[in-house]
Amino acid sequence: MTENLTTHSEDATVQAGKEFSRRLVSGAIVAFYGELGTGKTRFIKGVCQGLSVQEHVTSPTFTIVNEYRGADFPVYHFDFYRINALSEMQEIGFDEYLGGDGVCLIEWADRIAGLLPPERFDIHLQLGKNDYDREIIIEQRIEKNQ
Ligand SMILES: Nc1ncnc2c1ncn2[C@@H]1O[C@H](COP(=O)(O)OP(=O)(O)OP(=O)(O)O)[C@@H](O)[C@H]1O
Ligand SMILES: [Mg+2]
């Protein structure tokens, strides 16, 4: 199932993330794709609001992963923009995050495409016609319980 939306402001992208968060269950994986400044972190900010995260949500550029506490499960926020080697993934124990109870939100998922499980959400963001427009495509890959 694929859903396309266009937002016209930063706040609308945060709101879209918040609405999307209702579809997430424990262990869900969400892969984000899109160039710099397309709104991945803003969308994730909204997802975190929807999951009742209290911590400040910002791209974990130097730490690779930020861990937040949601109301029902942990939320792991990854940014792989600067990943150099897949061996770094073993160092941070990426597999354990994927197999755990938390929700994984992954910026620059294309950098580690081969490590993603098939059952996940893919969210593509790109710039729209006007400065404050963003095109967002949400795709659910492999339905649960089928
Ligand atoms: N409709 C919109 N939705 C989201 N952000 C918008 C929108 N219009 C303008 N912006 C601006 O675009 C930028 C999006 O930044 P954000 O950090 O979310 O991008 P990102 O995709 O995470 O980038 P990076 O790859 O550097 O992590 C912000 O400066 C925000 O103010
Ligand atoms: Mg970001």
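**Entry 1: aromatic pairs**

I counted nine aromatic pairs in this structure. The model is a predicted one. I looked up one pair, Y81 with W108, whose ring centres are 4.8 Å apart and whose planes make an angle of 45°, which puts the pair among the tilted ones. The pair joins distant parts of the chain, with the two positions 27 residues apart in the numbering. I found Y81 in the loop between strand 4 (74–79) and helix 3 (87–92), and W108 in the loop between strand 5 and strand 6 (120–127).

Are the two partners buried or exposed? W108 has 6% relative accessibility and is buried, because the cut-off for buried is under 20%. Y81, at 31%, is partly exposed.

I also noted one aromatic cluster, formed by Y76, F78, F80, F94 and Y97.

**Entry 2: positive phi**

I went back to W108 for its backbone. Its phi is near 60°, a positive value, and W108 is not a glycine. Most residues other than glycine have a negative phi. I then looked up S52, another residue other than glycine with a positive phi, here near 65°. S52 comes just after helix 2, in the loop between that helix and strand 3. The relative accessible area of S52 is 35%, so I entered S52 as partly exposed.

**Entry 3: helix 2**

Which residues of helix 2 are buried? I listed K40, T41, F43, I44, G46, V47 and C48. I kept a rule beside this list: an α-helix has 3.6 residues a turn, so residues three or four places apart point the same way.

**Entry 4: the magnesium ion**

Which protein atoms are donors to the magnesium ion, ligand 2? I found OG1 of T41, OG of S59 and OE of E107, at 2.0 to 2.5 Å from the ion. The spacing of these donor residues in sequence reads T-x17-S-x47-E. S59 and E107 link distant parts of the chain, being 48 residues apart. S59 sits in the loop between helix 2 (40–50) and strand 3 (65–69), while E107 is in strand 5 (residues 103–107).

I checked the accessibility of both. S59 has a relative accessible area of 24% and is partly exposed. E107, at 2%, is buried. T41 is in my list of buried residues of helix 2 as well.

**Entry 5: ligand 1**

How many residues surround ligand 1? I noted 17, of which the closest are E10, T13, K40, T41 and Y132. T41 thus appears here and among the donors of the magnesium ion.

I looked up three contacts of ligand 1. One of its nitrogen atoms is 2.6 Å from an N or O atom in the T13 side chain. An oxygen atom of ligand 1 lies 3.0 Å from a polar backbone atom of G39. For R42, a backbone N or O atom is 3.0 Å from an oxygen atom of the ligand. On its own, ligand 1 has 640 Å² of accessible area, and the protein covers 80% of it.

Which elements give two or more residues to the shell? They are helix 1 (10–20) and helix 2. Helix 2 gives the largest share, three residues. By type, I sorted the shell into eight polar, six charged and three nonpolar residues.

Definitions and conventions:
Residues numbered from 1 in each chain as written. Chains lettered and ligands numbered in written order. Predicted model: local features only at pLDDT ≥ 70, side-chain atom pairs only at ≥ 80, totals over all residues. Heavy atoms only, no water. Donors = N, O, S within 2.8 Å, 3.2 Å for Na, K, Ca; no water. Helix = DSSP H or I, 4+ residues; strand = E, 2+ residues; numbered from the N terminus. Buried < 20%, exposed > 50% of the residue type's maximum accessible area, 1.4 Å probe, protein only. Near = heavy atom within 4 Å. Polar contact = N/O pair within 3.5 Å; in protein donor to acceptor, adjacent residues only side chain to side chain. Areas by Shrake-Rupley, 256 points an atom, 1.4 Å probe, with all protein chains shown as cover. Nonpolar A, V, L, I, M, F, W, Y, C, P; charged D, E, K, R; others polar. Phe/Tyr/Trp six-rings, centres within 6.5 Å; stacked < 30°, edge-to-face > 60°.
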